[in-house]
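Okay, thanks for coming, everyone. I'll put the sequence and the model up, and then walk you through what the numbers say.

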Amino acid sequence: MAATLSSSLIQPLGLSFTSKNSPHKPTFFTATTIKASVSSSASRNSNTIRDEARLHNVIHTHHLSAKYVPFNAPPSCEESYSLDEIIYRSQSGGLLDVQHDMQALKQYDGKYWKNLFDSRVGKTTWPYGSGVWSKKEWVLPEIDGDDIVSAFEGNSNLFWAERYGKEYLKMNDLWVKHCGISHTGSFKDLGMTVLVSQVNRLKKMKKPVVGVGCASTGDTSAALSAYCAAAGIPSIVFLPANKISIAQLVQPIANGAFVLSLDTDFDGCMQLIREVTSELPIYLANSLNSLRLEGQKTAAIEILQQFDWEVPDWVIVPGGNLGNIYAFYKGFNMCKELGLVDRLPRLVCAQAANANPLYLYYKSGWKDFKPVRACNTFASAIQIGDPVSIDRAVYALKNCDGIVEEATEEELMDAMAQADSTGMFICPHTGVALTALNKLRNRGVIRKTDRTVVVSTAHGLKFTQSKIDYHSKDIKDMACRFANPPVSVKADFGSVMDVLQKYLLSKVPKY
């Protein structure tokens, strides 16, 4: 029988389970209980939040666990691996997935999980103040709190895009999930806290790991280098030369990563890092490694949480290497399977037209997948022509009646400029997602009353040069229709007054 949460126990900071009464009934540590367990104010002040976590460790009667299994394997498949093994592919060479013991999780009902997750929001209790680790039981249930490396990532803003929705799309329920408001400025933090925490555990277990490496179009390297620096673990980064922004390049350098700038594209970097990690004690951090997706899926759970556990109609996600679209599906699907919600949203994967292998595959009716040679795009983080997670993405989209759309360079830059003009400051990748939304609205696929969430994957401050070029009208073969360049004016009162009067007249409402 599923356990329920006692309504009389409020503000739980931790929990344990006892078999004295009911083996399924959770007993919470309240704030009073925790205070009493520490002998004095002086002793509390001498403890770190990690020390406090040790005093109030979470113990479950029903052992929660997870393991690697071949992705989308039939139920008869017996192949599996411990998460403490260093392995990235199945025996057949396919992708792996992290599979949770769903029967153990189902011992506690949907109401229990909702109340538990809600009780941790906004707290500094280690490690549950993180938007990822507040769902620890669904992420890495067996990891010790001492091994977790966290910057209290997640808990990102869900922004009601009221003016943008009204003026450009005639929508009144449009939201932007600002995953870029995070420690290193992108959603990659959500996955990297999980991966680096597991590496930290492996190193303490004396596993053959010296450092962690990744191929990157920018954001992955920033997240990896920051979390490795926090844990004191060496990080190695392969970057495609001259293909990422200066803001993205400086992050791994500043965090002490060993950066190799390679004369190739992302796909070439990815091939090299896979070869290197098979020969050297370097743990692979790219999304070929399914651990990262466990952290990224918490953004989907967080969206439901921010809507008071109501399911939006649509969620639009930019797609490059395509792990994130599967991660969102996995998060939503776990909530449905465990009784927190009763349906899934429809997912849209948005690709840049200059790097659109999934879009072309979708348009062929899922009949003919071919990698493409990715061309330069302002949405540089999704400039990937041979995505590692293509099978994961297709599986997710097929299981939620999903759609794939694309955006040209001019479309995505115009969409970014329009969004910025309504108070946002988004990245070009979010411009890709907004373009997809605009196209689906124009075709009547998404209705004006549909609750729609656009996932913004990185902070606009990482892409200031593209914004400068746009507003300077300095992009070849692009009209830059919404450019807003500064106006040069003589430094005298009359000239300034003339310019301002013309400007104010242009802003007077016309009835």
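So, among contacts between residues at least 6 apart in sequence, what share join residues at least 24 apart? For this protein chain it comes to 69%. Keep in mind while I talk that this is a predicted model.

Let me fill in the overall picture. The chain has 511 residues, and 56% of them are buried. Along it there are 19 helices and 14 strands. The exposed surface comes to about 22,400 Å², with carbon and sulfur atoms supplying 52% of that.

Right, salt bridges. Side chains of opposite charge can pair when their charged atoms come close. How many salt bridges do we count here? The answer is 21, and I've picked a few to talk through.

Take Glu 337 and Lys 106 to begin with. Their side chains meet in a salt bridge, 3.8 Å from N to O. Glu 337 belongs to helix α13, residues 323–337, while Lys 106 sits in the loop between α4 (102–105) and α5 (110–120), so this pair ties together parts that are 231 residues apart in sequence. As for burial, Glu 337 is partly exposed at 39% relative accessibility, and Lys 106 is partly exposed too, at 34%.

Next up is Glu 137 with Arg 120. Here the closest N and O atoms are 2.9 Å apart. Arg 120 is in helix α5 and Glu 137 is in the loop between α5 and β5 (158–160), so the parts being tied together are 17 residues apart in sequence. Buried or exposed, these two? Both Glu 137 and Arg 120 are buried. For anyone keeping score on the cut-off, buried means under 20% relative accessible area.

Then there's a pair inside one helix. Glu 167 makes a salt bridge with Arg 163, with the closest N and O atoms 2.9 Å apart. Both are in helix α6, residues 162–169, and they are four residues apart, so about one helical turn separates them. Glu 167 is partly exposed, with a relative accessible area of 41%, and Arg 163 is partly exposed at 42%.

And one more on this topic, which goes beyond a pair: Asp 97, Glu 294, Lys 297 and Lys 330 are linked in a network of salt bridges.

Okay, empty space. How many cavities of 30 Å³ or more does the structure hold? There are four. The largest cavity has about 290 Å³ of space in it. It is lined by 26 residues, and the closest to its centre are Phe 187, Lys 188, Gly 320, Asn 321 and Ala 381. Which elements give two or more residues to that lining? Those are α8 (219–231), α11 (291–296) and α13. Of these, α13 gives the most to the lining, with three residues. We've met α13 already, as the helix that holds Glu 337. In terms of chemistry, the lining divides into ten nonpolar residues, 13 polar and three charged.

Let me zoom in on a single residue, Ser 235. You'll find Ser 235 in strand β8, residues 235–240. Ser 235 counts as buried, at 7% relative accessibility. What is Ser 235 in contact with, leaving aside its neighbours within four places in sequence? The list is Val 212, Leu 224, Ser 225, Cys 228, Ala 257 and Phe 258.

Last bit: backbone oddities, for those of you who like to check the torsions. The peptide bond from Trp 126 to Pro 127 is cis, with omega near -10°. Pro 127 is in the loop between α5 and β5, and that loop also holds Glu 137 from the buried salt bridge.

Then we have two residues with positive phi that aren't glycines. Asp 401 has a phi of about 55°. Asp 401 is in the loop between α15 (390–399) and β13 (403–407), and is partly exposed at 48% relative accessibility. Asp 477 has a phi of about 60°. That one is in the loop between α18 (464–471) and α19 (493–507). Partly exposed or exposed, then, for Asp 477? Exposed, with a relative accessible area of 73%.

That's all from me, happy to go back to any of these on the screen.

Methods: Residues are numbered from 1 along each chain as its sequence is written. This is a predicted model: local features need pLDDT of at least 70, side-chain atom pairs count only at pLDDT 80 or more; totals for chains, interfaces and linings use all residues. Side-chain values use heavy atoms; hydrogens and water are left out. A salt bridge is a side-chain nitrogen of Lys or Arg within 4 Å of a carboxyl oxygen of Asp or Glu. Buried means under 20% relative accessible area, exposed over 50%, partly exposed in between (1.4 Å probe, protein chains only). Contact means heavy atoms within 4.5 Å. Accessible areas come from the Shrake-Rupley method with a 1.4 Å probe; for residues, only the protein chains shown count as cover. On a 1 Å grid over the protein atoms alone, a cavity is a set of points where a 1.4 Å probe fits but cannot get out, and a pocket is an open set with protein on both sides within 12 Å along at least five of seven lines; lining residues have an atom within 4 Å of a point. Grid points are joined across faces, edges and corners, and a volume is the space filled by probe spheres set on the points. Ala, Val, Leu, Ile, Met, Phe, Trp, Tyr, Cys and Pro count as nonpolar, Asp, Glu, Lys and Arg as charged, and the others, Gly among them, as polar.
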